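Please open the structure in your viewer and keep the sequence panel visible. The tour below proposes a series of selections and states what is to be found at each.

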Amino acid sequence: MKKVLLALTMVLGVSFANAQAYDGKDDAKFQIGANFQKNGTGIVVVYDYGMGENFSIGVSSSYILGVEETIGADFGDRFDLKARFNANLGSVMQLPDNIDIYPGLNLGLKNFGGHLGTRYFFSDGFGLFAEASVPFAKYKNGDLTAAEELHNQFVFSFGATFNL
């Protein structure tokens with residue numbers, strides 16, 4: 001049993017040493033996860049592409065699957081698409097290579113906002129991400145219905161991230 005545990009520790013240690021959360025220019029990440037917000041939960045997919053040592057651009061899309069029926073949300077309320085810009089700060093903050101923290105801005109179908117996320121890689125190709133996002137400016141002013149608030153409020157996402 002001790003030999004198996006030692007071997008497992010060595011394999012995982014090598015995996016952690018080689019994992020890269022952000023590798024700079026031409027780095028590509030794909031993320032898929034769950035999206036949590038008031039009155040609904042759904043799925044989110046993200047693609048980020050490294051443009052330089054510490055910044056990337058990308059696109060994200062989300063769709064709310066579980067919506068409370070009483071709010072009457074249609075497809076347009078449930079769906080969102082955003083262009084995004086990230087400042088990848090893992091190396092700036094001198095974090096281990098398998099961890100990245102990325103604040104950023106996004107411009108979507110519903111609002112202009114910001115996000116703050118982190119990625120932790122277990123191996124060179126697989127890791128976990130967590131991201132929080134908030135709107136800074138909504139395209140529709142005044143009182144929004146509960147359906148219009150979807151994607152127009154604080155959103156938390158969590159899931160898997162992959163190096164491409």
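## The whole chain

Read from the N terminus, the elements of the protein chain follow the order α-β-β-β-α-β-β-β-β-α-β. This amounts to three helices and eight strands. The model is a predicted one, and a colouring by pLDDT is a suitable first view. The mean pLDDT of the protein chain is 86, with 87% of its residues at 70 or more. Next, select residues 4-17: pLDDT remains under 50 throughout this segment, and the model shows six contacts for it beyond four places in sequence.

Return to the full chain of 164 residues, of which 40% count as buried. Among contacts in the protein chain with a separation of 6 or more, 56% are between residues 24 or more positions apart.

## The barrel

Display the strands alone. How many strands does the closed barrel have, and in what order do they run? There are eight, in the order 1-2-3-4-5-6-7-8, and the pairing is antiparallel. On average, neighbouring strands of this sheet are turned by 25° against each other, direction ignored.

Begin the circuit with strand 1 (residues 28-37), which is joined to the antiparallel strand 2 by ten bridges. Selecting Gly-33 leads to its bridge partner in strand 2, Val-44. The two strands form a hairpin with two residues between them, and Asn-39 in the turn has a positive phi of about 70°.

Move on to strand 2 (residues 40-50) and strand 3 (residues 55-67), an antiparallel pair joined by eleven bridges. To locate one of these pairings, select Gly-40, whose bridge partner in strand 3 is Val-67.

Now go to strand 6 (residues 111-121) and strand 7 (residues 126-138), which pair in the antiparallel sense over eleven bridges. A hairpin of four residues connects strand 6 to strand 7. Asn-111 has Lys-138 in strand 7 as its bridge partner.

Strand 7 is in turn joined by eight bridges to strand 8 (residues 155-163), again in an antiparallel arrangement. Here Ala-130 is paired with Phe-158 of strand 8. The circuit ends where strand 1 and strand 8 pair in the antiparallel sense over eight bridges. Select Ile-32 to find Ala-160 of strand 8 opposite.

## Asp-48 and its partners

Select Asp-48, which lies in strand 2. Is this residue buried or exposed? Asp-48 counts as buried because its relative accessible area is 2%, and the cut-off for buried is under 20%.

Show the side chains around Asp-48. Its side chain makes a polar contact of 2.6 Å with that of Arg-119, and another of 3.1 Å with that of Asn-86. With neighbours within four places in sequence set aside, the residues in contact with Asp-48 include Asp-27, Ala-28, Lys-29, Ser-56, Ile-57, Gly-58 and Arg-84.

## Two further aspartates

Which element holds Asp-100? This residue is found in strand 5 (residues 99-108). Asp-100 is buried, with a relative accessible area of 1%. Its side chain makes a polar contact of 2.8 Å with the side chain of Asn-88.

Step back to Asp-97, in the loop between strand 4 (79-87) and strand 5. Asp-97 is described as partly exposed because its relative accessible area is 48%, whereas exposed would require over 50%. Add Tyr-120 to the selection: the two residues are 23 residues apart in sequence, and their C-alpha atoms are 9.2 Å apart in space.

## The largest nonpolar core

For the final stop, which residues make up the largest nonpolar core? Select Ile-64, Val-67, Ile-71, Ala-73, Ala-147 and Leu-150, which are the six residues of this core. Val-67 was met earlier as the bridge partner of Gly-40.

Centre the view on Leu-150. Apart from neighbours within four places in sequence, Leu-150 is in contact with several core members, namely Val-67, Ile-71 and Ala-73. Its contacts also include Gln-37, Lys-38, Asn-39 and Gly-40, and Asn-39 is the residue with positive phi in the turn between strand 1 and strand 2. Asp-77 and Lys-110 complete the list of contacts of Leu-150.

How values were computed. Residues numbered from 1 in each chain as written. Predicted model: local features only at pLDDT ≥ 70, side-chain atom pairs only at ≥ 80, totals over all residues. Heavy atoms only, no water. Core = buried A, V, L, I, M, F, W, Y, C linked by side-chain atoms within 4.5 Å. Buried < 20%, exposed > 50% of the residue type's maximum accessible area, 1.4 Å probe, protein only. Contact = heavy atoms within 4.5 Å. pLDDT = per-residue confidence, 0-100. Polar contact = N/O pair within 3.5 Å; in protein donor to acceptor, adjacent residues only side chain to side chain. Pairing = 2+ DSSP bridges. Axes fitted to C-alpha atoms, helices over the stretch in contact; angles between N-to-C directions.
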